[in-house]
Amino acid sequence: MSKELKNIKESVMGKIHQGKVKMRPRIYFVMGSVLTFVGLVSSVLISVFLIGLMRFSLRAHGPMGEYRAEQLLTSFPWWSPAVAILGLVVGIWLLRQYDFSYKLDYKIIVVVFVAVVFSAGWVLDMTGLNEALTRRGPMQGMMRQYLEENNIQPEFGAGWRGPRGLRTIIE
Amino acid sequence: MNEERNKKLSDEEIIGKVRSSDQELYAIIVERYQSKLFRYANNLIKDEHKSADVVQESFIKAFVNLNSFDTKKKFSSWIYRIVHNEAMNVLKKNKKEISIPDDMDFQSDEDIEDDFIKKEVVAKVEKCLGEMPMLYSEPLILRFIEEKSYEEISDILRIPMGTVATRISRAKILMKHLCQKN
């Protein structure tokens with residue numbers, strides 16, 4: 001056992017002396033933390049918006065089940081879940097990279113992430129904030145393009161009628 | 001003179017110096033922890049060569065990522081955590097069941113004076129712990145062999161203190177059942 005221990009010290013210090021092992025600079029971890037935070041926040045925001053878009057898409061095509069399902073399949077923005085999953089994978093990869101000593105339970109992270117996204121999407125939808133954002137915020141262009149591509153006329157010009165106004169107009 | 005003074009510094013103070021000016025001082029950290037970490041790793045892996053590799057790799061990882069360590073926290077918990085992760089990786093690769101060392105000694109109310117009886121008890125404990133899932137045996141090892149506080153175990157295993165207490169309590173009960181059965 002003592003021989004093993006002697007080897008440990010010699011080997012570790014030897015690698016440090018030879019320059020085979022180098023300390024990562026502080027900026028590496030600062031940038032890692034910033035990128036992780038920005039990545040996760042962006043991922044949540046994009047996912048929340050996409051949830052809103054999905055709900056909007058479902059409502060915009062009316063109550064006819066078959067038509068709705070068909071519309072959903074043909075016009076559904078399939079890239080959106082891909083982007084959300086990519087964001088999640090990148091986020092977890094960043095966490096692993098910059099928080100190496102933590103043994104994270106990634107199943108819990110994924111479950112919490114999905115729960116947060118869906119709850120936030122639902123809350124935003126209920127309060128009508130997402131509709132306000134799609135009319136005024138940076139997502140306006142994207143939403144307009146989606147409506148044009150799918151021949152939906154939501155009468156944006158008719159005026160804002162409260163938090164659920166847009167829904168009332170469309171339905 | 002300087003060397004003696006450095007040896008009296010706390011882990012966190014040494015880490016601060018290693019990061020800012022003198023990487024040579026990392027040898028003091030290695031010296032301080034290598035035996036304890038080797039014992040801990042060997043308790044989990046039960047293979048001296050693999051345990052030595054795990055400890056060596058952990059020291060290297062700790063050094064490379066030393067700037068991510070928060071000096072306001074305990075270095076000991078941080079390095080134990082790294083060893084834990086490395087040991088888990090080795091165990092996952094080998095799919096090997098854990099067991100306990102020969103010199104394992106649990107605190108007991110019983111006054112055991114006879115060496116023979118003591119060895120018999122240790123052998124029984126070893127058998128019992130070997131049958132116990134790592135979920136329960138690892139907190140026991142950290143508490144009674146590594147003599148860590150509940151707070152430190154919580155930091156090392158990244159579980160709440162309440163969970164540590166529950167697992168240790170259940171581990172004791174489980175141990176009793178397993179030992180009685182044997």
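A: Angles between helix axes count as roughly parallel under 35 degrees, roughly antiparallel over 145, roughly perpendicular from 65 to 115, and oblique otherwise. This is a predicted model, in which local features need pLDDT of at least 70 and side-chain atom pairs count only at pLDDT 80 or more, while totals for chains, interfaces and linings use all residues. Residues are numbered from 1 along each chain as its sequence is written, with chains lettered from A and ligands numbered from 1 in the order in which they are written.

Q: At what angle do α7(B) and α8(B) pack?

A: Two packed helices are described by the angle and the distance between their axes. Helix α7 (residues 134-145) of chain B packs against helix α8 (residues 150-157) of chain B at about 135°, with axes 10 Å apart; the pair is therefore oblique. Axes are lines fitted to C-alpha atoms over the stretch in contact, and angles run from 0 to 180 degrees between N-to-C directions. Helices are DSSP runs (H or I, at least four residues), numbered from the N terminus.

Q: Which residues of α7(B) and α8(B) meet?

A: Contact requires C-beta atoms, placed from the backbone, within 7 Å. Glu138(B), Pro139(B), Leu142(B) and Arg143(B) of α7(B) meet Ile153(B), Ile156(B) and Leu157(B) of α8(B).

Q: How do the axes of α3(B) and α5(B) cross?

A: Helix α3 (residues 26-45) of chain B and helix α5 (residues 75-94) of chain B have axes that come within 10 Å and cross at roughly 30°. Among the residues that meet are Tyr33(B) and Leu37(B) in α3(B), and Ile79(B) and Tyr80(B) in α5(B).

Q: How many residues does each chain give to the contact between chains A and B?

A: Chain A gives 21 residues and chain B 26. On the side of chain A, α1(A) supplies the largest share, 10 residues.

Key. Helix = DSSP H or I, 4+ residues; strand = E, 2+ residues; numbered from the N terminus. Contact = placed C-beta atoms within 7 Å.
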